[in-house]
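Q: I would like to learn how to read a structure like this one feature by feature. Could we take each idea in general terms and then turn to the case at hand?

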Amino acid sequence: MILDSKIPEGPLAEKWDKHKFNVKLVNPANKRKYEIIVVGTGLAGASAAATLGELGYNVKAFCFQDSPRRAHSIAAQGGINAAKNYQNDGDSIHRLFYDTIKGGDYRAREANVYRLAQVSVDIIDQCVAQGVPFAREYGGLLANRSFGGAQVSRTFYARGQTGQQLLLGAYSALNRQIAYGKVKMFPRTEMLDLVMVDGKARGIVVRNLITGKIESHSAHAVVLATGGYGNVFFLSTNAMGSNATAAWRAHKKGALFANPCFTQIHPTCIPVSGGYQSKLTLMSESLRNDGRVWVPKTVEIAQRLRKGEITVNDIKEEDRDYYLERKYPAFGNLVPRDVASRNAKLVCDEGRGVGASGLAVYLDFADAIKREGQPAIAAKYGNLFEMYAKITDENPYERPMRIYPAVHYTMGGLWVDYNLMTNIPGLYATGECNFSDHGANRLGASALMQGLADGYFVIPYTIGDYLAQTPYDKVSTDHPAFKEAEQNVISITQRLLSIKGNRTVDDFHKALGQIMWDYCGMARNAEGLQFAKQEIRKLRDEFWQNVKVTGVNEELNQTLEKAHRVADFLELGELMVDDALHRNESCGGHFREEYQTPENEALRDDENFAYVAAWEYTGPGNQAVLHKEDLKFENVKLTQRSYK
Amino acid sequence: MDLTLKIWRQKDRNAAGQLVTYPLKGISPDMSFLEMLDVLNEDLLVRGEEPVAFDHDCREGICGMCSLFINGRAHGPERGTTTCQLHMRHFKDGDTITIEPWRAAAFPVHKDLVVDRSAFDRIQQAGGYVSVNTGGVPDANAIPIPKTIADKAFDAATCIQCGACVAACKNASAMLFVSAKVSQLALLPQGKVERKTRVENMVAQMDVEGFGACSNTGACAAECPVGISLDNIAMMNREYLGAKASSENVA
Amino acid sequence: MNWFTKTFSSTIGRKIIMSVTGLFLCSFLVVHLVGNLQLFNADNGESFNVYSHFMATNPVIRVMEIVLVLGFLFHIYDAFVLTRRNKTARPVDYAEQHPQENSTWSSRNMGLLGTIILVFLIIHLWNFFVPARFGGLEGVVIDEVDYDNLYLRVVQSFQIWWYVAIYVISMVALAYHLIHGFQSAFQSLGLTHKKYTPFIKTFGYAFSVIVCLGFAIIPLYFFFFA
């Protein structure tokens with residue numbers, strides 16, 4: 001299989017404009033003859049569904065939550081980047097492009113990233129017009145902050161809930177189209193299979209989560225905006241319901257899965273407190289603007305601390321190791337996420353971690369409070385401090401926060417070309433669901449940007465190009481392909497319900513998460529990955545013999561929903577391990593212990609691995625087949641990332 | 001800690017429900033309330049009983065999916081807290097905890113503790129938006145907004161649409177929820193263009209859905225996990241009266 | 001329905017009617033109390049009887065009487081409609097609830113308080129208003145003019161301990177009704193402002209207590225001192 005990324009010819013800065021001119025258009029009167037399915041209603045899905053509805057297409061939108069406004073984009077805290085240069089501090093489209101490519105450790109496509117930087121400015125305009133209440137200065141204009149290691153202030157924010165405000169903007173646009181009848185909304189409905197007719201994506205099979213009814217929906221194109229797969233790890237900052245099922249089932253129908261091992265581990269999360277833990281809570285990265293990260297200088301002090309012989313405030317200044325400031329004097333506490341996370345793991349592996357488990361480092365605001373006063377710090381981070389206090393029962397104004405990295409975002413996803421179309425004609429993937437823009441590591445405040453860029457400004461153009469070449473004819477849901485897919489879903493469901501084993505779905509999920517975290521987490525090595533692969537296979541075999549799912553299909557059955565999702569995670573986990581094992585280099589979120597510089601930094605191998613690894617499904621239990629899309633860098637020079 | 005749970009169990013929308021008592025042992029005070037329910041559900045599953053259905057998703061207090069009327073209070077005893085952010089340290093060993101679904105004619109029970117809040121979506125669809133298409137909008141900084149106004153609009157925009165206001169109100173009124181959206185958009189210049197039709201249509205839809213009227217008890221604001229203020233209700237009343245008096249909509 | 005009836009049969013519209021009529025009834029209370037203060041004139045009821053005669057015969061007052069009756073009727077009717085709607089909005093009640101944690105008792109019991117006041121109103125009208133307007137009182141001559149001796153009825157009525165008790169209890173109910181109702185009316189009309197609302201709340205509280213205290217003192221005064 002040859003992967004054609006369909007990147008337009010011409011200079012980088014002109015590619016998107018030229019492409020927009022070259023794409024075929026659908027006559028306004030003909031748009032209503034096309035139906036488009038959008039799965040997922042987060043930033044990428046809601047914005048796409050709304051915009052496609054505005055253009056005149058008939059859209060059907062699906063989400064598993066009870067309302068489209070609850071998609072997990074809502075939980076994003078920090079902000080959204082845009083190359084507006086409102087602060088006159090030297091930002092530009094090219095700089096945002098460069099930062100994103102470099103931040104992604106040179107594993108993303110230049111053309112996609114440049115387009116992302118270009119449309120970033122339109123996103124802010126669009127959101128403000130919708131009434132999104134971004135932070136403002138006293139003069140009435142928009143405020144910006146610097147975020148996640150960027151050296152310019154290009155992040156627009158809405159207190160600590162930028163994701164919620166942006167999603168509510170997209171949700172309102174979606175609501176408007178629902179009211180007009182251009183979008184038909186199906187909440188509490190989960191996609192369980194993709195339907196292909198003549199090699200093209202022509203519909204989906206869904207399960208109504210209230211009644212259990214298995215239904216088919218036919219369309220001319222299908223857009224998957226179903227988010228990431230961080231919940232493979234069981235514990236992550238993802239919502240409990242976030243899952244990979246829609247994307248994975250599309251993968252099983254032939255869509256390639258790209259760079260599955262690129263997982264972002266966020267450095268500032270509240271540490272695990274016990275085995276009952278169901279999810280991890282992120283504390284916004286913006287905290288690192290004022291907080292200083294440290295651990296005790298020696299193992300001995302750390303041990304005494306963990307035993308409770310001393311408290312954190314007993315540790316003298318000279319016994320504290322501000323390791324990020326020490327190792328990275330230029331960026332200090334603001335190094336990119338992967339670097340900050342890995343260093344936290346390193347010091348904890350050395351035995352210098354804090355907290356009862358020893359799996360935490362301090363994030364200390366004492367200096368900032370001394371410098372700016374408690375009210376100023378409270379104004380900036382009050383809601384985050386409150387959240388921390390609620391969860392841990394500790395007051396972060398009086399003692400440093402304890403933080404530890406947690407799985408947060410998956411850069412990998414369905415392989416798409418420049419048009420965001422997968423290798424299956426008519427099947428698109430947007431937002432976190434695709435792999436395209438963040439390379440091996442995503443910069444802070446870039447996820448919201450990508451989701452909205454894809455939905456508002458990319459797919460509305462590119463999908464028209466495809467539809468203009470597609471006949472109006474509808475495929476009936478009585479078509480054998482639909483019946484076959486429905487039968488497939490019914491048989492998987494029946495199988496899950498009929499095992500009646502002894503081990504719960506959550507138990508399997510936790511076991512999988514532990515394997516993934518231990519061997520395919522912040523640091524990986526060949527031996528561990530090979531072991532993990534065997535363990536996952538064993539666990540998967542056991543799952544299909546011993547899982548316990550109560551109830552029936554024809555009801556609201558949350559255990560059954562989870563079982564479907566975990567069944568897919570058990571397959572996806574293995575692919576992540578395969579990908580991590582084959583990539584004999586370290587880059588971004590993928591750190592192979594065998595490939596590091598003498599200073600423990602990631603050591604890339606551009607000669608052999610400057611490609612996108614796109615995996616093809618070849619049947620149950622079979623080894624996936626690797627396809628490579630070589631990455632060409634014509635506008636940036638590949639350098640070793642250095643934040644010293 | 002050991003607890004006794006009294007949980008509303010209801011098979012589906014049409015079935016009658018009842019409170020069922022479950023003893024639960026070995027709960028850690030550091031668990032969240034939903035993690036405590038996870039433990040119960042794992043116990044039930046192992047015993048071959050059907051787990052309790054409840055809504056939840058982000059578990060960090062922002063998605064608004066979790067609900068639960070706990071010991072006579074929406075989202076439990078802590079102020080400014082969603083159920084997912086409520087921790088068991090706020091309960092005592094030996095406590096009996098009653099857990100019920102949101103109760104309102106407009107929020108029918110799907111199953112156990114899961115209710116149907118689609119009425120809220122329909123109210124939003126009636127006018128909770130600014131009618132702008134994607135593209136063709138002015139530069140973001142072309143619309144300066146005084147910081148005090150922007151902050152006020154923001155305070156209203158923080159609503160997470162969980163429905164605690166309806167659950168806590170003795171009339172099951174949705175005024176706080178609806179007014180939060182109406183106020184946000186009425187305050188901002190972007191929303192002023194459609195302010196009259198918006199409030200007329202959203203209030204009409206609110207009434208169609210069968211929510212109660214506002215008695216100004218303030219229970220909604222007191223129980224709101226994100227602190228939406230009663231000022232929004234006053235603002236909506238003002239908007240409504242003004243719109244009805246001056247709009248040209250005679251239907 | 002046209003836009004007008006639609007507006008005032010919406011939940012907010014009905015609350016607007018409740019507010020406007022409520023505030024109007026508050027103004028009536030002031031007039032009524034000021035008039036009644038003449039009972040305290042040590043003139044054996046002369047000024048009070050003259051005043052009550054004026055109130056019963058003046059054409060402007062007679063017109064206002066009709067407005068007042070309409071005010072009561074709308075207030076009561078909408079209260080009834082809203083209460084029914086509110087009850088149907090929650091068909092299944094909670095097994096356990098602790099509303100005292102989030103709201104005041106009076107705000108939750110306006111219907112109960114209003115019903116007490118309505119019962120009081122019927123008793124009160126039956127005893128004073130009906131005979132004064134339609135006859136049944138003894139006569140009295142003041143400055144060679146015949147008047148109905150309403151004053152005598154007042155003195156006689158407030159000798160009965162349970163009658164006084166009804167009045168005092170009803171005035172307590174009215175006070176609680178007004179404590180919530182007064183400021184609530186401004187909220188329902190959207191008349192809130194950072195600067196003025198605190199004053200409205202304080203004023204409403206003082207108003208409720210002072211007016212109801214003023215009314216309650218009358219039966220107590222006659223019971224203990226007349």
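A: Let us begin with burial along a helix, keeping in mind that this is a predicted model. An α-helix has 3.6 residues a turn, so residues three or four places apart point the same way. In helix α6 of chain C, the buried residues are C:M110, C:L113, C:G114 and C:I117, and what covers the buried residues of this helix includes α4 (59–88), α5 (105–108) and α8 (161–188) of chain C.

Q: Where does helix α6 of chain C bend, and by about how much?

A: The helix covers residues 110–134 of chain C and bends by about 45° at C:L125. Beyond the end of α6(C) comes C:G135, whose phi is positive, near 90°.

Q: How should I read a strand pairing, and which strands of chain C run antiparallel?

A: In a regular strand the side chains alternate between the two faces of the sheet. In chain C, strand β1 (residues 139–142) and strand β2 (residues 145–148) run antiparallel and are joined by four bridges, with C:V140 standing opposite C:Y147 of β2(C). The two strands form a hairpin with two residues between them, and C:D143, in the turn, has a positive phi of about 50°.

Q: What is the strand order in the open sheet of chain B, and which strands are at its edges?

A: The open sheet of five strands in chain B has the order β2-β1-β5-β3-β4, with mixed pairing. Its edge strands, each pairing on one side only, are β2 (18–24) and β4 (73–74) of chain B. Within the sheet, β1 (residues 3–9) and β5 (residues 96–100) of chain B pair in the parallel sense over four bridges, and the bridge partner of B:K6 in β5(B) is B:T98.

Q: How would you describe chain B as a whole, and how many helices and strands are there in it?

A: Chain B has nine helices and seven strands, and its C-alpha trace spans about 60 × 40 × 35 Å along the principal axes. Of the 251 residues in chain B, 63% are buried. Among the contacts in chain B with a separation of 6 or more, 71% are between residues 24 or more positions apart.

Q: What should I look for in a nonpolar core, and which residues have the most contacts inside the largest one?

A: In soluble globular proteins, nonpolar side chains tend to be buried together. Here the largest nonpolar core has 307 residues, and those with the most contacts inside it are A:I36, A:V223, A:L224, A:V361, A:L414 and B:V166. Apart from this core lies another, of 23 residues, including C:L39, C:M110, C:Y167 and C:F186. As for the surroundings of B:V166, the residues that it touches, leaving aside those up to four places away in sequence, include B:W102, B:F107, B:F177 and B:F211.

Q: Is A:M576 buried or exposed, and which residues does it touch?

A: A:M576 is found in helix α17 (residues 558–582) of chain A. It counts as buried because 29 other C-beta atoms lie within 10 Å, the cut-off for a buried residue being 20 or more. Not counting residues up to four places away in sequence, A:M576 touches A:V232, A:P260, A:C261 and A:C520. A:M576 and A:T263 are 313 residues apart in sequence, yet their C-alpha atoms are 9.3 Å apart in space.

Q: How do I read the interfaces of chain B, and which element gives the largest share of the side that touches chain A?

A: The size of an interface is often given as the accessible area lost when the parts come together. Here we can count residues instead: the contact between the two chains takes 66 residues from chain B and 62 residues from chain A. On the chain B side, the largest share, seven residues, comes from α1(B), and by class this side has 30 nonpolar, 20 polar and 16 charged residues.

Turning to chain C, 41 residues of chain B are in contact with 35 residues of chain C. The elements of chain B that give two or more residues to this side are β5, α7 (195–208), α8 (219–223) and α9 (231–246), and α9(B) gives the most, with nine residues. By class, the side of chain B that touches chain C has 20 nonpolar, twelve polar and nine charged residues.

Conventions. Residues numbered from 1 in each chain as written. Chains lettered and ligands numbered in written order. Predicted model: local features only at pLDDT ≥ 70, side-chain atom pairs only at ≥ 80, totals over all residues. Pairing = 2+ DSSP bridges. Bend = angle between axes of the 7 residues up to and from the residue. Buried ≥ 20, exposed ≤ 12 C-beta atoms within 10 Å, placed from the backbone. Contact = placed C-beta atoms within 7 Å. Nonpolar A, V, L, I, M, F, W, Y, C, P; charged D, E, K, R; others polar. Core = buried A, V, L, I, M, F, W, Y, C linked by C-beta atoms within 7 Å.
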